[in-house]
Structure formats: structure tokens, C-alpha cells
2 protein chains.
Amino acid sequence: MFDTCVMLNAAKLVLLFASLAFAISGLRPGLAANAVPQETPQYTSDGQLKFPEQYRTWVFLSAGMDMSYAGDAQTGNMHMFENVFVNAAAYESFQKTGTWPDKTTLVTEFRDAQGKGSINKHGRFQTDLMGYDVHVKDAKRFPGKWGFFGFNPGSKSSALIPATAACYTCHADHAAVDTTFVQFYPTLLPIAKRKGTLSSAYKKEN
Amino acid sequence: MFDTCVMLNAAKLVLLFASLAFAISGLRPGLAANAVPQETPQYTSDGQLKFPEQYRTWVFLSAGMDMSYAGDAQTGNMHMFENVFVNAAAYESFQKTGTWPDKTTLVTEFRDAQGKGSINKHGRFQTDLMGYDVHVKDAKRFPGKWGFFGFNPGSKSSALIPATAACYTCHADHAAVDTTFVQFYPTLLPIAKRKGTLSSAYKKEN
């Protein structure tokens, strides 16, 4: 239910992503003990993307709250954070080039935004997991180089969201770098500016 | 200006942290190329904590927005995110033990929370860096095992916040695990519950 396109259609939080992992990369030494590193996208025999279980130790790009493309979005009592992670090799590559290499995987995690709780009396903090969007760059596999996938909590694999879905055109038309919303990742945007990798669509809008 | 205690006194976003790094740990392979890993706390000759420059590639614990201990907090037009990171070795240790090893370093990064911008018309996303709080566990150095430090953007080192400051007592009295606010880190709280490492102060309050 929390895939990008559904959310787009529902005028809900969106802002997806993409990234890719060099084949040789691995987790940090301290984290490799109990898991096979999964830095490059993995697929089932029928072409579904396997959920990148290690994403919580990937590099954090940014978090937003209640973001929406719709000016009249009514969230009522429902509030949500979105945290964006990218595999480490793709992050490192972006530092050097200002754009994403093939096999980049960006994971957006959605969590409930709780208000009062423990000593917190104002603002919001993160609690229950609500779902994921995953944006994968795999040029040989996807006609537009990138594919979108939605996962519910606990889902092990997910089918590609069709290339006709709104997420693809929205990302193509508005995202700052290579169909990814780098304008919302404050440590990456200055790099893209320096490297001259901002999309013409983004430059026109800004 | 953005150290924990100042923010506490100002009834502003707070919720700090601590963590520590094993001596042997390093950055992820992909990130080690252009930087000396700084996973364990480093100090100047006069005892100031050096800013942990690599923190953005550490493990993300959670983000909050406009969090405050004060029920009547008035933030007006000023909104802020706080992102919390911990060094990888401490994170790995927490997975096994439910608590923090010596040399844990927790970094809270404060960023401006912007509303409208690019295609975003609702909710908020992160922009300018505003400052940091750093919480370090170094049992031989600090009488209470943990020390708090505040950094402005670009600061290279910072003096210890005196142990008489309110942050120390607040963390001791309300934090879920070893004086750190694990109740606000949704991937760590279940581990602490399983491992039985929740503080008696926290259990009494919840």
C-alpha cells in the first residue's frame, strides 16, 4: 500500500529515489558478522526485487515529515516521517561524480510520527514502521534505467511498479539529479551543483 | 549555541545520546578512501572533543521534528529536524547486548525544517545545518562515564559541558538505556526490551 505511485495518486508523502551499489562493496566491517552484504539489487527468479534487508546500516540521506505534492493535503491526525537511505558504494560514488552509478538503491522508510510520549511534549518522533518505497537503478533491466518498488513491512519481495505509473513521470519532470529528489537531500545538493549534474527540468523550475 | 543544555534550558528540541566505537572499527570499505576513520572519540591536547567529521556515514538511529520537553513550547515560524547517528561499532554492539560499549559516540544534527519548496507543498523537509550535540561514553575520562558537547556548524572541537548541567540529570532520570533516549530510536527499543537493559527510571515512568 505504500508504494510511490499509490502515494502519489493519493496526494501523500512521496519523494523517492534511486541509487546503486558497486558489486564489490560490503557492509562496514563491524556490521558484516551476521549477514551477507546485500549492496547490489537482488531479484527473484520471476523478476521481483528482493527487499534490501540491510538498508538500516546504509547511508542516511534525509528525513521529511508529512511531505506532499498537494497543497490541500489533509493528513488529519495521521502524521508520518520518511527516512531515505542509499547503499554506501552509491553514496561514495555520488561524492565524486554528483550523480548515481548503476545498481544504486534508494530506500524510503515510512514511520508513524508520534506526538506526546515519554518526556516529549511537543513536536514528533518516530515509532511504527508503515512501509517502504525502493528506487533502483539497473540500466540493463529497466527501460528508463530506474525501477520503483513498494514494500509493506515484512515483505520479502515486490514486483516492479509499471513504467506507466505517475511516479516515473513525476521523477523525470521534477527531480534534481537523474530522476532522484536530490533537492531534498541537503548534503548531496551542493555536490550536484558543484559537479553540474542538476537536471534541466530542475534548473528550469528553480 | 546548539548544545544540549542550552536547548534544554530553552525548552527546545533536545533528546540526546551516546555511543562508542571499538578501537579497531573503520568506515565501510567504500567510504574509507579519502578519510582517516574516526570511530573512537578523539581529543585535543587541552581535553576538547574533536568533532567526529565522519558522522554522516555512521548509522542513522532516528529523526524527530520540533521535539521539546516543554508542553507550552512555542516555536513560531522556526521549525527544526534533529537526526541522530551512532558509530557503527557501537551500533553493532547494541544489537548483541542492548546497551552501549565504551567509546560510543552519538551525534545529533539539527537542521532547518523547510515547508514549501520545489514540488513540496505540505509537510517539511531538511535544509540548512544549525548545529550539533554530541554524547560520548568514555568511562575513564568522564566521572559519570558520559560527556556532552555542543558544536556549531564548522566547529573543529568543543569543551565538555560541565557535569552540573541539566542535560546530565535529565538523561539520568528519563533516558531508556544507559542515559540515552533509546525510547525515541524505534529500531533499538525492541532490542533493549528483549535484552532487559531498560533503565529502572524509564520502566517506572512507562
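Which residue forms a salt bridge with Lys96(B)? The partner is Glu92(B), and the closest N and O atoms of the pair sit 3.4 Å apart; a salt bridge here is a side-chain nitrogen of Lys or Arg within 4 Å of a carboxyl oxygen of Asp or Glu. This is a predicted model, in which local features need pLDDT of at least 70 and side-chain atom pairs count only at pLDDT 80 or more, while totals for chains, interfaces and linings use all residues. Residues are numbered from 1 along each chain as its sequence is written, chains are lettered from A and ligands numbered from 1 in the order in which they are written, and side-chain values use heavy atoms, with hydrogens and water left out.

Back to that first pair: Lys96(B) and Glu92(B) are 4 residues apart in helix H2 (residues 88–97) of chain B, so about one helical turn separates them. Helices (H or I, at least four residues) and strands (E, at least two) are DSSP runs, numbered from the N terminus. Lys96(B) is exposed at 52% relative accessibility, whereas Glu92(B) is buried at 13%. Buried means under 20% relative accessible area, exposed over 50%, and partly exposed in between (1.4 Å probe, protein chains only).

As for chain A overall, it has 5 helices and 7 strands, running α-β-β-β-α-β-β-β-β-α-α-α from the N terminus on. Of its 206 residues, 61% are buried. Contacts (heavy atoms within 4.5 Å) tell a long-range story: among those in chain A between residues at least 6 apart in sequence, 62% join residues at least 24 apart. The accessible surface of chain A (Shrake-Rupley method, 1.4 Å probe) comes to about 8100 Å², with 53% of that belonging to carbon and sulfur atoms.

Strand E2 of chain A (59–68) has 10 of its 10 residues buried, so the rest of the structure largely encloses it. Two strands count as paired if DSSP finds at least two bridges between them. E2(A) pairs with strand E3 (residues 80–86) of chain A in the antiparallel sense over 6 bridges, and Val59(A) has Val86(A) as its bridge partner there. E2(A) also pairs across chains, again antiparallel, with strand E5 (residues 122–137) of chain B over 2 bridges; Ser68(A) stands opposite His122(B).

Over all chains, the structure holds 14 salt bridges. One of them joins the side chains of Glu53(A) and Lys156(A) at 3.5 Å, N to O. That pair links distant parts of the chain, 103 residues apart: Glu53(A) is in the loop between strands E1 and E2, and Lys156(A) in the loop between strands E6 and E7. Glu53(A) is partly exposed at 41%, and Lys156(A) is exposed at 59%. Asp178(A) and Lys137(A) meet in another salt bridge, at 2.7 Å, N to O. Asp178(A) lies in the loop between helices H3 and H4 of chain A and Lys137(A) in strand E5, so the pair ties together parts 41 residues apart in sequence. Asp178(A) is partly exposed at 22%; Lys137(A), at 10%, is buried. Arg56(A), Glu109(A) and Arg111(A) are linked in a network of salt bridges.

Arg111(A) turns up again around Pro186(B), which also touches Gln126(A), Thr127(A), Leu61(B) and Ser62(B), not counting residues up to four places away in sequence. Pro186(B) is found in the loop between helix H3 (166–174) and helix H4 (189–195) of chain B and counts as buried at 17% relative accessibility. Pro186(B) and Leu61(B) are 125 residues apart in sequence, yet 7.8 Å apart in space, C-alpha to C-alpha.
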